[in-house]
Amino acid sequence: MAPSDGRRPSSFPLSRRATLKMAARGSRRGGGGVANRGSRVMAAPEEYLGGRAGEEPGRDAAGLSSARGRRRRRRRRLWDRAAAAMFRCGEEIISGESEEESNGVNLMEFSDEILLHILSYVPCTDLVLNVRRTCRKLATLCLDKSLTHTVLLQKDYKVNKDKVKQLMRDIGKEIYQLNMAGCYWLPSSTVDHLTRCKNLVKLNLSGCHLTSLRLSKMLSTLQHLRSLAIDVNPGFDASQLSSECKATLSRVSELKQTLYTPSYGVVPCCTSLEKLLLYFEILDRSREGLMLSGQLMVGESNVPHYQNLRIFYARLAPGYVNQEVVRLYLAVLSDRTPENLHAFLISAPGSFAETGATKNLLDSMARNVRLDALQLPKAWINGSGLLQHLKFNNPFYFSFSRCTLSGGHLIQRVINGGKDLKSLTSLNLSGCVHCLAPESLFRKAEDYIDSSILESLVVSCCNLRHLNLSAAHHHSSESIGNHLCQLLSRLKHLLSLALPVCSITDVAASAEKPPTASNVVPQTFGRKVRIGIQTYPRNLADQANQKIESSVFWALMGSLRFLETLEIIGSSFSSAMPRNEPAIRNSLPPCVRAQSVGDSEVAAISQLTYLQSLTLAQLPNILTGSGLINIGLQCQHLRTLSLANLGMLGKVVYMSALMDMLKHCKCLRDLRLEQPYFCAGAQFFQALSHCSSLQRLCIVSRSGTLQSDAVMSFMANCLEVIMCHMFMGESLTVCKTLQQSIVRSFQAERPALNVVIFPLLHEDLTEVIRDVPMRHLDEITLFKSRVAEEPPNLWW
């Protein structure tokens, strides 16, 4: 690991920085090693390195043999690597301290409790394979049960098969929870080393290559396993599972299964299931173009055991085969509904028609169970009185995404006059266009919301932490105090929020100054209209004094200081790259009310000091992008940034501001840009190279261009980048040549490297997309709203 480049450690979580500051103040001694300001490489303990106090590090003392000097230099290098690992996120322990206060801090003088807290932020592979070898004290601490009990490898993109083998050999017996989700780059033989983890209780292998025989061999040795996550790929054969494997599965109470082929997987073997999570990713056509059937293969007719089930969750990718297979899983539930069922969630895109079996299931649930979490396909709720009959206990999650549920029904049937809804922490009303209106009949998109419904929602669900109101037109009236932003500002516990662009418009400001021909941004790809560019100051204070202090959106951002995730998405926005379909060539125009949302509203977001994820899509009045610079300066914890269709679509008007912003985003890990005519040239990649923590980059641009030399230089400078997806307007030859060059140059040193560079409008785009690892496809490549998409803490 390379030392830091001297940047401010703004990615430190607050508790971590506070702990380090306390340690530096309370555990400081005279003499010893020194933690210099501006450097994260600390002085090594002299008693271990064999040097004398005041001796220059790295040189042999008088009379020492050359062999001993080499040993000392080797230990020094190990210590430097350990120090770099322990302070990867920043170079300073304390900011704002005087030079006198910051000197004289020796790491080994901290208490064991503080050192363990620091070490908990270091990847387990670094602890065991590097830090442990530096000195005797750290060798003992790195093997503490608090650090080896749970091993997380799901985001460790530098881990390889040999490191996993060594890790299992050193601490395999001490591991109780192991998460290798999304380690798609590891060969299937890697799981053979997990047989050393005899005490495993929880194991996550989602996204890992796994065959039936290897699964059988591994599970046969894990007798204490109670939680399992795996993928079921074509070729899976449950008949190859041994009796010892089935015995282990019979004790598993939590199962997460991702299906890429019609199958029950290991569900029939899990007779003690309490939590079942199913992800259906089956394609309708094979690679050869043959239509697939949802009927299960021969030998797959064993009946699942649901008698102890408490949580049932199913998420379907688009396609009729996924719907056919999930009905087979639900058939058993319709015969006998588990008495202890308290969470029933089915996420299905598009139309998923209700059948007689599913109707019987819902009727049985209404009679026999009390739910704490509910999500159903829109066709199962629309036009039915189901919600009136379902009973709830202490609900913590509701999702009525894309339903035609009216605000009146929401208040009467779900909120129930504000009773027992203090427990609700997550609510998804995405695409629920009538949820804030008293009735859904004869309502138009431009009609005002009923503020009393939203007020009842806010009062009743005062502990909400995740709220999604996107993909709908929520227009506030001119009544004072009844604006949507003003009402939402009462939810002081919000951590994530998704809103449509038209909902944040300041009604009073819009009424005083309606959009004119000079500031309405054209949304077409025809002849470009020359417009006058309004001058926006780049200084945050000047902007605040200009007009934003009275803005309702500015006030909302000021009241939600602990918000971590924010999505502002145009109600008519659709990505140019949907799943399993050709790229969309035409985009719908933005809402008329959204025409006034631009740079000043973006600048208001910079008040969110702890913001970690930001999505902005279809903001038509972006003229310079000046607000992005303020976000880059103020939101130093920002890790994920997604920008789509900002300003006029015929030109990237915010490019200059974006490049200035990126120079300050030292903690940014994921960047997704979707904008027509985007030019990914040398200047852009030079600015992006300042994002030293960047791991994943995705650019979607119709008629966009790129410079191959600039991309190669960027990949060489940003050593952490392991995903590069570009869907542009370049020719297939240019795309393939660049993709092969990147893979050939960097694959060896970056085992997790995944590169896809392909023409956006090419007819084979869907075939290319199906080979993208699900982790990247679901988290960044495909655009979607992710706020309250699933219940919180659904899986670890």
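**Reading surface, core and pocket**

Author: The protein exposes about 33,000 Å², and carbon and sulfur atoms supply 49% of that area. Please note that the model is predicted.

Reader: How much of the protein counts as buried?

Author: Of its 796 residues, 55% count as buried. The secondary structure amounts to 29 helices and 22 strands.

Reader: How does one judge whether a single residue, such as Gln-683, is buried or exposed?

Author: One compares its relative accessibility with a cut-off: exposed means over 50%. Gln-683 has 59% relative accessibility and therefore counts as exposed. Gln-683 belongs to helix α25, which spans residues 682-688.

Reader: How far is Gln-683 from Ala-710, in sequence and in space?

Author: The two residues are 27 apart in sequence, while their C-alpha atoms are 8.4 Å apart in space. For the protein as a whole, consider the contacts with a separation of 6 or more: 78% of them join residues 24 or more positions apart.

Reader: How should I read a buried helix face, for example in α29, and which elements cover its buried residues?

Author: One lists the buried residues and then asks what covers them. In α29 (residues 774-781), the buried residues are Arg-775, His-776, Leu-777, Ile-780 and Thr-781. Their cover includes the strands β17 (670-674), β19 (696-700), β21 (723-728) and β22 (754-759), together with helix α28 (765-769).

Reader: Why look for a nonpolar core?

Author: Because nonpolar side chains tend to be buried together in soluble globular proteins. Here, the largest nonpolar core has 205 residues, and Phe-312, Phe-344, Leu-488 and Phe-684 have the most contacts inside it. Helix α12 (residues 320-335) gives the largest share of this core, 7 residues. Apart from it lies another core, of 17 residues, including Ile-114, Leu-127, Val-131 and Cys-135.

Reader: Which residues are in contact with Leu-488, leaving aside its neighbours within four places in sequence?

Author: They are Leu-454, Val-458, Leu-467, Leu-469, Leu-497, Leu-499, Leu-556 and Leu-560.

Reader: How does one describe a pocket, and what is the volume of the second largest one?

Author: One gives the volume, then the lining. The second largest pocket has a volume of about 1,400 Å³. Its lining has 43 residues, and those closest to its centre are Pro-349, Arg-402, Phe-783, Lys-784 and Ser-785. By class, the lining of this pocket has 19 nonpolar, 15 polar and 9 charged residues.

Reader: Which strand gives the most to that lining?

Author: Strand β7 does, with 3 residues. Both β7 (311-316) and β8 (343-347) supply at least two residues each.

Terms used:
Residues numbered from 1 in each chain as written. Predicted model: local features only at pLDDT ≥ 70, side-chain atom pairs only at ≥ 80, totals over all residues. Heavy atoms only, no water. Buried < 20%, exposed > 50% of the residue type's maximum accessible area, 1.4 Å probe, protein only. Helix = DSSP H or I, 4+ residues; strand = E, 2+ residues; numbered from the N terminus. Contact = heavy atoms within 4.5 Å. Areas by Shrake-Rupley, 256 points an atom, 1.4 Å probe, with all protein chains shown as cover. Core = buried A, V, L, I, M, F, W, Y, C linked by side-chain atoms within 4.5 Å. 1 Å grid on protein atoms, 1.4 Å probe; cavity = no way out; pocket = protein on both sides within 12 Å on 5 of 7 lines; lining within 4 Å. Points joined across faces, edges and corners; volume = space filled by probe spheres on them. Nonpolar A, V, L, I, M, F, W, Y, C, P; charged D, E, K, R; others polar.
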